[in-house]
Structure formats: C-alpha cells, structure tokens
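Student: Got a minute to go through this one with me? I'd like to talk about how the chains meet.

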Protein chains: 2
Amino acid sequence: MSDEILALERFLPYRLNRLADAVSRDFSRIYKERFGLTRPEWRVLAALGELGTMTATEVGRHSSQHKTKVSRAVAALEKRRWLARTADESDRRVERLTLTKAGQDAYREMVPLAKAFEKELLAELSAAERAALAAGLDALEQASLDRSNQFD
Amino acid sequence: MSDEILALERFLPYRLNRLADAVSRDFSRIYKERFGLTRPEWRVLAALGELGTMTATEVGRHSSQHKTKVSRAVAALEKRRWLARTADESDRRVERLTLTKAGQDAYREMVPLAKAFEKELLAELSAAERAALAAGLDALEQASLDRSNQFD
DNA sequence: AATCGACGGTTACGGATGCAACCAATTTTG
DNA sequence: CAAAATTGGTTGCATCCGTAACCGTCGATT
C-alpha cells in the first residue's frame, strides 16, 4: 500500500460521488422530466408528503438541504400551488408548510414511481449484495453523518 | 410495503447523495482549503498523477467528468503551472496533458492526505462493515454505472 | 480532392448553489 | 426592561455547472 499513487476509481469519496450522480441522474428523470421539479423541490415535496405540516427548518433537516435551497424550493412549490404557508400563532417568524390537494396528488403519484425505480435498481443485485449494501451504507452513514455537522 | 408513503431517509438515491455530500464536504477541506483546488481540478490532478500523460477526453473518462468541467479544470491547472499541454504530432485536435514538476509535487503531497482521510473514515467501521460496504458498492456500481451512459 | 460526418476541445448562456449579509421576531442576559 | 444574542427565513452576489452551439481537425466516402 504505497503512498505514491492513489487509485481514483477505488477512492471512497470519488466512488460515492460518482455513484450518487449516476443514480440521481437516472432518478431525476422521474421528477424532472415528468413533473418539472428540481431536486430540492422534489425533496421538499417528499418531506412534506411523508411527515405532513412542517416548518422550513424542519424540512431542511429532514431532507438534508441548506436553508437557502429550502427557501427557494418552497417558493417554487408555492407558486405552483403545491404547498401553502400558514402563519404560526405562537411564533411569527415561523411558517407552517403544508401540501395542497394538488401537491398531495402529485406526491401520491410519484411515490410508486420512486419505489419502482429503487426496486428495479436493487433487482440487479443478488440478495447477498443487497444485504451488504444496506449494511455498508448504514455503517458509513453512522460514521460520517454525525461527525460532520453539515448544516450550519 | 405500502405505496402511499416514501421514507426519504431510507430511499437509495437520497441516501447516496447525502452520504456523498457529507464525505466530499469533509474531504474537500484537503484539496480546497489547503491547496485551493476545486473538485474538478483535484480530479484532473488525481487522474494525471495516477496515470501520467493523457488527453482531456481520457481524463474525463477516468475521472467521470463532463468535458466542459475537464476543459475548465485543465485551464485553471495550466494557469497555476501545475500541468502543461503539448501538441500531439499525429492529431492536431488532441492535446497531451502532463503534470509539471510543481503539479507532481502537489500530487505527491496530497496522496498521503487522501489515503489518511479514507483510512480514518473507514476506521470507524468494523471489519465486517468495511467488507459489506466494499461489496455493496462494487455491486451497485456494476448495476448502475454501465446502464446509465452518463457522458454524452 | 471535395464533401460530409465524427471527434477533441472551448465558450456563451442560463440556471442552480453556497456564502454572507440581512430583516424581523424571539429569547437571553444583565 | 433594555440590550444583546439567537433564530427562522429571504435575498444579493459571485461562482459553478450543464446544454448547446461552435471551431478546427481528421477520416471516410465519393
């Protein structure tokens, strides 16, 4: 294991990025081409669809997105009338975000497509490979995510 | 496994992106803060350092980067005098890219840092978890990368 | 050798993004 | 209770990025 040369194609940060890019590129066809959403918008939709009414900060935490991304995505979804803001009575800085009927409909339409996408991708792995992937990602998430406080 | 709700935090494309972002964010401190490189520039450096003289197209393939990214990164590294272009005798469209002495020095300085980074990250996993991660990534790469022709 | 399509690489342009600065509301501190 | 520090959220700015259009060169076809 010399320290002279780095095999880029085996280097973990590189591999993760390349894989994430490739998978996301594929998956983005669902929310981008078919629904005209950006990735931040898709994530906000997914967060609100999953957990219901939340504040922008909570959406950011649940979807691992910087607050500026959330702010812009929320504005875009609001313009599309897929979500609505309501003032919080007890704290006037906060806005409570909720999907509208149209937003919920879109979410319900996309969830099966997302699940099918994931299923098809994983179907190309053996059961043992899927188990290894799950275990490996869990472990790496635990090691990586908590030690790097990503969002301010 | 209802099709009503998607658990975003368990969704593969999301997990991969979040993980790649977190790990890259950490690692970028090495090439960004300490050497003032962008990620595309780091990758070009890594490709040339690993494999020696190459064309821009080959660099792009080896580092999984779009040709415009490569073009800009090469221009930046050239300006910094970390790489030099030489005309290819037999094909005047092509430029042969090589690291200069300064570029090689920088590469040799960064490789141990990169390896140490990866080692420390993986040190937080057990041996079994590392094995699972390796197997899982290998399998997913095989499933994903060849079926999505990412670059033109 | 003239034409046409492919290829290596660059660039203009529009859109996305992160950082920092900012505003307003709230909480903490003295 | 006034001042200061913190928080939720937005926006200006500079940068980055991908798409498409482009330029010059090469190879094949004729």
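**The A/B interface**

Tutor: Chain B and chain A bury about 6,600 Å² between them, 61% of it on carbon and sulfur atoms. Buried area here is the accessible area (1.4 Å probe) that two parts lose on being put together, summed over both. This is a predicted model: local features need pLDDT of at least 70, side-chain atom pairs count only at pLDDT 80 or more, and totals for chains, interfaces and linings use all residues. Residues are numbered from 1 along each chain as its sequence is written, chains are lettered from A and ligands numbered from 1 in the order in which they are written, and side-chain values use heavy atoms, with hydrogens and water left out.

Student: How many residues of chain B are in contact with chain A?

Tutor: 61 residues of chain B, against 61 of chain A, with contact meaning heavy atoms within 4.5 Å.

Student: And how many salt bridges across the interface?

Tutor: The rule finds eight, taking a side-chain nitrogen of Lys or Arg within 4 Å of a carboxyl oxygen of Asp or Glu. Glu141(B) and Arg18(A) form a salt bridge through their side chains, at 3.4 Å, N to O.

Student: Switching topic, what rotation superposes chain B on chain A?

Tutor: One of 180 degrees, with 0.0 Å of shift along its axis and an RMSD of 0.1 Å; the fit is by least squares on the C-alpha atoms of residues with pLDDT of at least 70 in both copies. The two copies are thus related as by a two-fold rotation axis.

Student: Which residue of chain B comes closest to the axis?

Tutor: Ala132(B), at 2.2 Å (C-alpha).
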